[in-house]
Amino acid sequence: MAITLGEAILYLRGDGSDLDKSLREADKQSRGIVGGLGDFANKGFSGLKNVVGAGILGGVGAVVAGFGALAVAFSDAEELARIQINAEKQLEAVLTSTGGAAGITSKEIKAMASSLQGVTNFGDEATIQGQSLLLTFTSIGKDVFPRATETMLDMSQALGQDMKGSAVQLGKALNDPILGVGALSKVGVSFTEQQKEQIKVLQESGDMMGAQTIILDEL
């Protein structure tokens, strides 16, 4: 006989074996569908965990990298501060040892170095270190010192040498201009015979500033 259920028609025979077979097949298919959905859900959840995990790890990595960069920045700042402090201590020591022969104060020297920092490639701590060396040459007075500082920076830039080398070369030349012209000629600074004679006359007459000015003009 036939039983109509909605749109489905089941043909039943005497022993009902076809019905049992159909039900078993339907159950198998339904289990397959449910299992598939379960696998999909598990895989989706696993993928989600992976994505979330990767995001967390990536975030942690970014934070660690940020702290690393910050640590380097603090380290660099600390080193610069140390150099600055040492340069200023050296300056005070030289001023004390020379008895302030240049006639210029620590405050004026540091202000000069700070102003030159904005128009040169040298930091004020490097300039202060060079100025301290210039101050050891006690024939360099207050009126010449600012120009001597600028010339020292120009020499370092033009000759590609460190501040110490420029400060010593210039300091020696200005401290004894007659001998200085000979020393400067070794690094490519030449003077005419007239200039050499003029420097000699000025220095021997006691006009050190006049002799120093000729050297600075040539440099």
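A: Helices here are DSSP runs of H or I with at least four residues, numbered from the N terminus. The model is predicted. One such run is helix α5, residues 163–175, and S166 lies in it.

Q: Is S166 buried or exposed?

A: Buried means under 20% relative accessible area. S166 has 0% relative accessibility, so it counts as buried.

Q: Which residues does S166 touch, leaving out those up to four places away in sequence?

A: S166 touches M152, M155, S156 and Q161. With Q161 there is also a polar contact between the two side chains, at 2.8 Å.

Q: How many salt bridges does the structure hold?

A: Side chains of opposite charge can pair when their charged atoms come close. The structure holds two salt bridges. One joins D217 and R147, with the closest N and O atoms 2.5 Å apart. This pair links distant parts of the chain, 70 residues apart: D217 is in helix α8 (residues 208–218) and R147 in helix α4 (residues 145–159).

Q: Where does the salt bridge between E193 and K196 lie?

A: Both E193 and K196 belong to helix α7 (residues 193–204), where three residues, about one turn of the helix, set them apart. The closest N and O atoms of E193 and K196 are 3.6 Å apart.

Q: What is the accessibility of D217, R147, E193 and K196?

A: D217 has a relative accessible area of 51%, so it is exposed. Its partner R147, at 34%, counts as partly exposed. E193 is exposed at 60%, and K196 is partly exposed at 34%.

Definitions and conventions: Residues numbered from 1 in each chain as written. Predicted model: local features only at pLDDT ≥ 70, side-chain atom pairs only at ≥ 80, totals over all residues. Heavy atoms only, no water. Helix = DSSP H or I, 4+ residues; strand = E, 2+ residues; numbered from the N terminus. Buried < 20%, exposed > 50% of the residue type's maximum accessible area, 1.4 Å probe, protein only. Polar contact = N/O pair within 3.5 Å; in protein donor to acceptor, adjacent residues only side chain to side chain. Contact = heavy atoms within 4.5 Å. Salt bridge = Lys/Arg side-chain N within 4 Å of Asp/Glu carboxyl O.
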